[in-house]
Amino acid sequence: MRMTFRWYGEGNDSVTLEQIKQIPGVEGLVWALHDLPAGVVWPVEKIQEIKDQADKYGFHLDVVESVNVHEDIKLGLPSREHYIENYKETIKNLATFDVKVICYNFMPIFDWTRTDLFKEMEDGSTALFYEKAKVDSMNPQDLIKQTTSSGFTMPGWEPERLAGIEKSFEAYKGMSEDQLWDNLQYFLEQILPICEQHDIKMAIHPDDPPWSVFGLPRIITSEKNVERLLSLSDSPSHNITLCSGSLGANPENDIPKIIRRFHDRIPFAHIRNVKIYENGDFIESSHRTQDGSVDIADVVKAYHENGFTGYARPDHGRHIWNEECRPGYGLYDRALGIMHLWGLWDAYENVKKGGDSHAINS
């Protein structure tokens, strides 16, 4: 397991590279050019700027999250050809900097959905929260206003994407999941040969949450759909980013089972926990198994027993100790999450080497 930490760039993140460097075992940054809209070619000069910043602290830039897919590609419009060509050029430019994994998603309009960015928990910390009844009844514009009010640019909620929200909803009206699958397959057929040439793995992120929101189609939602996804191509460049929190928001998804079944197609792992309520609400808890509804101990065990050598990051964290940060992306709880993941990993290593095998159940 190769530990990484998502970083939004100088002047765009409350967390500094100096701070990340002090988290044990973190070797790389998960990054992107967040100031560029979807569909444009990422210039070599701007990539070089990030590399220069990372080099000062000895971090690699092997994992990019995300090279956003333009909405016209998801919609299957004739204009998608232009944006696919731009995507290919971006892949080539990233290859010159030895990028190994590109995390992306194929979610219409919204990358992720929450109703409260700072829901208070019993211990006084706050976390990202999803209230099912509110989403079922609220207007998308109200959700946009709420999500963009934190003072930070939120991935998947960029202003240029949201500016034409009414037109976007109109464009998706009547689109079936099968049509979205077809558009994803077309996109992959165009870009995977380029990825193979440059030894880059495309790793799609599951839908968050893993069900339809505002009537929009969602397709990367379950073990069955992961199977369908991976059957679209046997290319070594066609993979999934396994997010235990996204898929884990549906209690029917057995995350350790999915990892054990598809481990050889997971180059990048998001490991986080969520606590699910009976009414369908969920909140992002600490990484400990008993604090949420996902068996994080077994998630890490599933990776360990299959010799996982891919990249991992702790993903979302709570907001603790009065930290002012981008929602879900503070320093403190993500650092705690990393240490919990390393603790589990080291314990499994010890057992493998014949050490004490008492219960590892945290």
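Gly354 sits just after helix H14 and takes a positive phi of about 95 degrees. Keep in mind as you look at this glycine that the model is predicted.

Step back from Gly354 into the helix itself. H14 runs through residues 332-352, which gives it 21 residues. From its first C-alpha to its last, H14 reaches 30 Å, close to the 30 Å expected at 1.5 Å a residue.

Now look at which side chains of this helix are hidden. The buried residues of H14 are Asp333, Arg334, Ala335, Gly337, Ile338, His340, Leu341, Trp342, Leu344, Trp345 and Tyr348. As you read along that list, one general point is handy: an α-helix has 3.6 residues a turn, so residues three or four places apart point the same way. What lies over the buried residues of H14? The cover includes strand E1 (2-6), strand E2 (26-31) and helix H13 (296-305).

With H14 in place, zoom out to the whole chain. Its secondary structure comes to 14 helices and 12 strands. The radius of gyration is 19 Å, close to the 21 Å that the globule rule gives for 362 residues, so the chain is as compact as a globular protein of that length. Along the principal axes, the C-alpha atoms fill a box of roughly 60 × 45 × 40 Å.

Inside, buried residues account for 58% of the 362 residues. Of the contacts between residues at least 6 apart in sequence, 74% join residues at least 24 apart.

Finally, turn to the outside. The chain exposes about 15000 Å², and carbon and sulfur atoms supply 46% of that area. As for charge, the chain has 37 positive and 57 negative charges, and the mean positions of these two sets are 1 Å apart.

Key:
Residues are numbered from 1 along each chain as its sequence is written. This is a predicted model: local features need pLDDT of at least 70, side-chain atom pairs count only at pLDDT 80 or more; totals for chains, interfaces and linings use all residues. Side-chain values use heavy atoms; hydrogens and water are left out. Helices (H or I, at least four residues) and strands (E, at least two) are DSSP runs, numbered from the N terminus. The expected span of a helix is 1.5 Å times one less than its number of residues. Buried means under 20% relative accessible area, exposed over 50%, partly exposed in between (1.4 Å probe, protein chains only). Contact means heavy atoms within 4.5 Å. The radius of gyration is taken over C-alpha atoms; the globule rule is 2.2 Å times the number of residues to the power 0.38. Accessible areas come from the Shrake-Rupley method with a 1.4 Å probe; for residues, only the protein chains shown count as cover. Lys and Arg count as positive and Asp and Glu as negative; His and the chain ends are not counted. The place of a charge is taken as NZ of Lys, CZ of Arg, CG of Asp or CD of Glu.
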